Amino acid sequence: MTTRRRALPPELLRAYLNAHYHINDRGIRLTLRIGEPSAALELLMRSQHTEAAAYLTACNPHSQPLAPEENQRRNRSLERDLQARARLILRGSSTDPRHLWPPEESFLALGLPLREARTLAERYEQNAFVWIGRNKIPRLILT
């Protein structure tokens, strides 16, 4: 399921929808796919007593590639913002299964309300982010 706010080029939207959103941190390994339930995600969210999570990055604003150092600086800033707002933050990396886009370091922020996730995605100039609500099914939210 996708919520649209503005049009993106179809190939970019497809890339977001088909990406694999990985988490590999603190012994937790799982992969999120848009529109697909994940028992591991549901268990993780239940263990954290939360009904909301967001998968965010600060890399490559508006899908324009930046130098690795700049992406790292932006992600450190996003991580500080998330620490003040989320119950648990796990590191991850989003990947393109067709290898047309490079991996992007990302975060799964559990307990982050939708409004705050959208605000952060917009602050870091992201076209979209992954939102997980009460039904525990990841969906793409366009900013």
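The exercises below, each with a worked solution, concern a predicted model.

**Exercise 1. The largest pocket**

Determine the volume of the largest pocket, the elements that supply its lining, and how the lining residues divide by character.

Solution. Begin with the volume, which is about 560 Å³ for the largest pocket. Next, consider the lining: 32 residues take part, and those nearest the centre are Tyr16, Thr57, Ser94, Pro102 and Glu104. Then assign the lining to secondary structure. Helices H1 (10–18) and H3 (68–83) each supply at least two residues, as do strands E4 (53–56), E5 (88–95), E6 (104–110) and E7 (128–132). Finally, sort the lining by character: 18 residues are nonpolar, eleven are polar and three are charged.

**Exercise 2. The strand E4**

Establish which strands pair with E4, in what sense, and whether its faces are covered or not.

Solution. Take the pairing with E6 first: E4 and E6 run antiparallel and are joined by four bridges. On this side, alanine 53 stands opposite leucine 110 of E6. Turn next to E7, which pairs with E4 over three bridges, also in the antiparallel sense. Here the bridge partner of alanine 53 is isoleucine 132. Alanine 53 is thus matched with a residue in E6 and with one in E7. As a last step, inspect the faces of E4. Ala53 and Tyr55 on one side are buried, as are Ala54 and Leu56 on the other, and both faces are covered.

**Exercise 3. The surroundings of serine 38**

Locate serine 38, classify its accessibility, and identify its contacts.

Solution. Serine 38 belongs to the loop between strand E3 (28–32) and helix H2 (39–47). Its relative accessible area is 12%; because the limit for a buried residue is under 20%, serine 38 is classed as buried. A polar atom of its side chain lies 3.0 Å from the backbone nitrogen of leucine 41. When neighbours within four places in sequence are set aside, serine 38 is in contact with Leu32 and Lys136.

**Exercise 4. Two residues with positive phi**

For histidine 49 and serine 63, state the phi angle and the location, and decide whether each is buried or exposed.

Solution. The background is that most residues other than glycine have a negative phi. Histidine 49, although not a glycine, has a positive phi of about 55 degrees. This histidine is placed in the loop between H2 and E4, and its relative accessibility of 69% makes it exposed. Serine 63, likewise not a glycine, has a positive phi of about 60 degrees. This serine lies in the loop between E4 and H3 and, at 18% relative accessibility, counts as buried.

Terms used
Residues are numbered from 1 along each chain as its sequence is written. This is a predicted model: local features need pLDDT of at least 70, side-chain atom pairs count only at pLDDT 80 or more; totals for chains, interfaces and linings use all residues. Side-chain values use heavy atoms; hydrogens and water are left out. On a 1 Å grid over the protein atoms alone, a cavity is a set of points where a 1.4 Å probe fits but cannot get out, and a pocket is an open set with protein on both sides within 12 Å along at least five of seven lines; lining residues have an atom within 4 Å of a point. Grid points are joined across faces, edges and corners, and a volume is the space filled by probe spheres set on the points. Ala, Val, Leu, Ile, Met, Phe, Trp, Tyr, Cys and Pro count as nonpolar, Asp, Glu, Lys and Arg as charged, and the others, Gly among them, as polar. Buried means under 20% relative accessible area, exposed over 50%, partly exposed in between (1.4 Å probe, protein chains only). A polar contact is a pair of N or O atoms within 3.5 Å; within protein, one must be able to donate a hydrogen and the other to accept it, and residues adjacent in sequence count only if both atoms are side-chain atoms. Contact means heavy atoms within 4.5 Å. Two strands pair if DSSP finds at least two bridges between them.
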